Each structure stands twice: as C-alpha cells, then as structure tokens.
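User: I'm new to this structure and would like a close look at a single part of it. Could you walk me through the lining of the second largest pocket, and then show me what else is there?

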Amino acid sequence: MNIVILLGAPGSGKGTIAGKLAAEHDNLKHVSSGDLLRGAVAKGTPAGVEAKGYMEKGNLVPDALIAQMIKDVVAETTGDITMLLDGFPRNLAQAKILEEMGAPIKSVVLVDVPDEVIHDRIAGRRTCPKCKAGYHVKALPPKVEGICDKCGAELVIRKDDNPETVKDRLVVYHRETEPLIKYYEEKGLLRRIDGDQGPEKNAEAFLAAM
Ligand code: AMP
C-alpha cells in the first residue's frame, strides 16, 4: 500500500476526482477525512459527538481525533493499493503524524482552483447522504434533479456549505493547510494540476500527475 495525498481548498474538487478514479480503478481507494467524520457524527460515536461542533463552525477538529481514524484505515489497507487521501493532512502536525504511521507517500497533488471559483462551486454543491457521491447543479447534475444517480437517495446540501461557513473554511485552509504546499515541495513530492478544467479533464490530469 502507498499513499497519494490530495491537497486543495474545500470545493477544489478533490473528492470528485478521487471518487471518480477509485470507481474506475480497482487498485485505487478513496479515503476522505470529511466523510469519515460525517459518518461518525451521523452514528453518534464519541468521536462524532466531539467533532460535530468544530465541523459546523468550519474549524478543524482536534488532530488526535482525525489522526486515529486515518490510522485505523491505514492499518486495514494492505496489498497492491494506492490510497487517495483526501482531506488529511490539513496542517503540519498532521503531516508529521502521517509520516509516523510509516506508509510510503508516493506523491502529493495540489488541485489548484482560485477562491472566486470555489465560492460558486460550493453554492451549487449537492451530496448524497447515503453513498457520499458528489454533484453540482450546473457542472455535474444528477440525471433526475435532487436524486442520487448511484443509489436513488435524496441529495442534500451539507450544513457547512453555507456561504458564511465556506468563508471561514477558506480562511482555515489558507492559514493551516497552505503551508503544506511548501513542506511537500521541499521534499520533492509536490505536483500541481489546474482544477478548473471540468470533472473529466481534472481526473485525467490528476492521474497523470500522481
Ligand atoms: P471536508 O469534507 O474535507 O471539507 O471536511 C469537512 C470538515 O471536517 C472540515 O471543515 C473540518 O471541520 C473537518 N475535517 C476534515 N478533515 C480534517 C482534518 N484532517 N483535520 C481536522 N478537521 C478535519
């Protein structure tokens, strides 16, 4: 098993790219820290109860809480698998925790999208609460409005996708996560792709870069 990290702002399309590639390639596994946390919140586990308030405000949850979830997934992933790690690490402390887990990091791909584009994207974002598939009312609409193509569940708008919280999440991204670009650049692991080419081309560019 090895790891490819997806770096990028909320709404940069990391989840869409990783979900698409994992559906098309048996040896790729999409692991989203946000999905793990939303799953824990929905189940009401102790970690979920602790995480909920941070997430609703657009803040990062404590490092140890999310690191334990990622550690568990890393431990259960073996064999000829590349893990597409989406949303973790989100700061330098988490990057160091990931290194201590010992799984080799193959590359880090920055999905580059300007903040203005992010605001528009998140405003149109819809998510399947059941199978976690992502949609956009304009760029990636479901076949039937409001209904997931894959599992038929009714699509929802994530609680933290409202404009105020998005602003806060972008501030957190620039402050906490952006320093990772330089960190991985210095390690020679960073690649960049233009994340504003549409879902198909973004995924192709990602696959070529990783
Ligand atoms: P995402 O789906 O990646 O946008 O994550 C949604 C929310 O989950 C974030 O705004 C944070 O509150 C929390 N979260 C996800 N990943 C992490 C992480 N690596 N560290 C801390 N908080 C996280």
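Analyst: By class, the lining of the second largest pocket has 8 charged residues, 7 nonpolar ones and 2 polar ones. Keep in mind that this is a predicted model. The pocket itself has a volume of about 430 Å³. Its lining is made of 17 residues, and the closest to the pocket's centre are R38, V41, M55, R158 and K159. Two elements give two or more residues to that lining, namely α2 (33–43) and α3 (46–57). Of the elements, α2 gives the most, with 5 residues.

Now for a closed space. There is 1 cavity of 30 Å³ or more, and the largest cavity has a volume of about 40 Å³. Its lining is formed by L6, L7, G8, K14, G87, F88, P89, R90 and T177. Sorted by class, that lining comes to 4 nonpolar, 3 polar and 2 charged residues.

T177, one of those cavity-lining residues, also takes us to a pair of helices. The axes of α7 and helix α8 (residues 179–186) come within 5 Å and cross at roughly 35°. On the α7 side, the contact is made by Y173, H174, R175, E176 and T177, while α8 brings P179, L180 and I181. Split by class, the residues of this contact are 4 nonpolar, 2 polar and 2 charged.

Let's stay on α7 for a moment. V171 sits in this helix, which covers residues 163–177. Is V171 buried or exposed? Neither quite fits: V171 counts as partly exposed because its relative accessible area is 49%, and exposed would need over 50%. V171 is also 162 residues away from A9 in sequence, yet their C-alpha atoms are 9.8 Å apart in space.

Next, the nonpolar interior. In soluble globular proteins, nonpolar side chains tend to be buried together. Here the largest nonpolar core has 53 residues, and L84, Y184 and F206 are the ones with the most contacts inside it. Helix α4 (residues 63–76) gives the most to this core, with 7 residues. Apart from it lies another core, of 6 residues, including C128, C148, A153 and L155.

Y184 deserves its own look. Setting aside neighbours within four places in sequence, Y184 is in contact with I5, L7, P89, A95, V108, L189 and L190. Two of these partners bring us back to the cavity: L7 and P89 are both among the residues that line it.

Definitions and conventions. Residues numbered from 1 in each chain as written. Predicted model: local features only at pLDDT ≥ 70, side-chain atom pairs only at ≥ 80, totals over all residues. Heavy atoms only, no water. Helix = DSSP H or I, 4+ residues; strand = E, 2+ residues; numbered from the N terminus. Buried < 20%, exposed > 50% of the residue type's maximum accessible area, 1.4 Å probe, protein only. 1 Å grid on protein atoms, 1.4 Å probe; cavity = no way out; pocket = protein on both sides within 12 Å on 5 of 7 lines; lining within 4 Å. Points joined across faces, edges and corners; volume = space filled by probe spheres on them. Nonpolar A, V, L, I, M, F, W, Y, C, P; charged D, E, K, R; others polar. Axes fitted to C-alpha atoms, helices over the stretch in contact; angles between N-to-C directions. Contact = heavy atoms within 4.5 Å. Core = buried A, V, L, I, M, F, W, Y, C linked by side-chain atoms within 4.5 Å.
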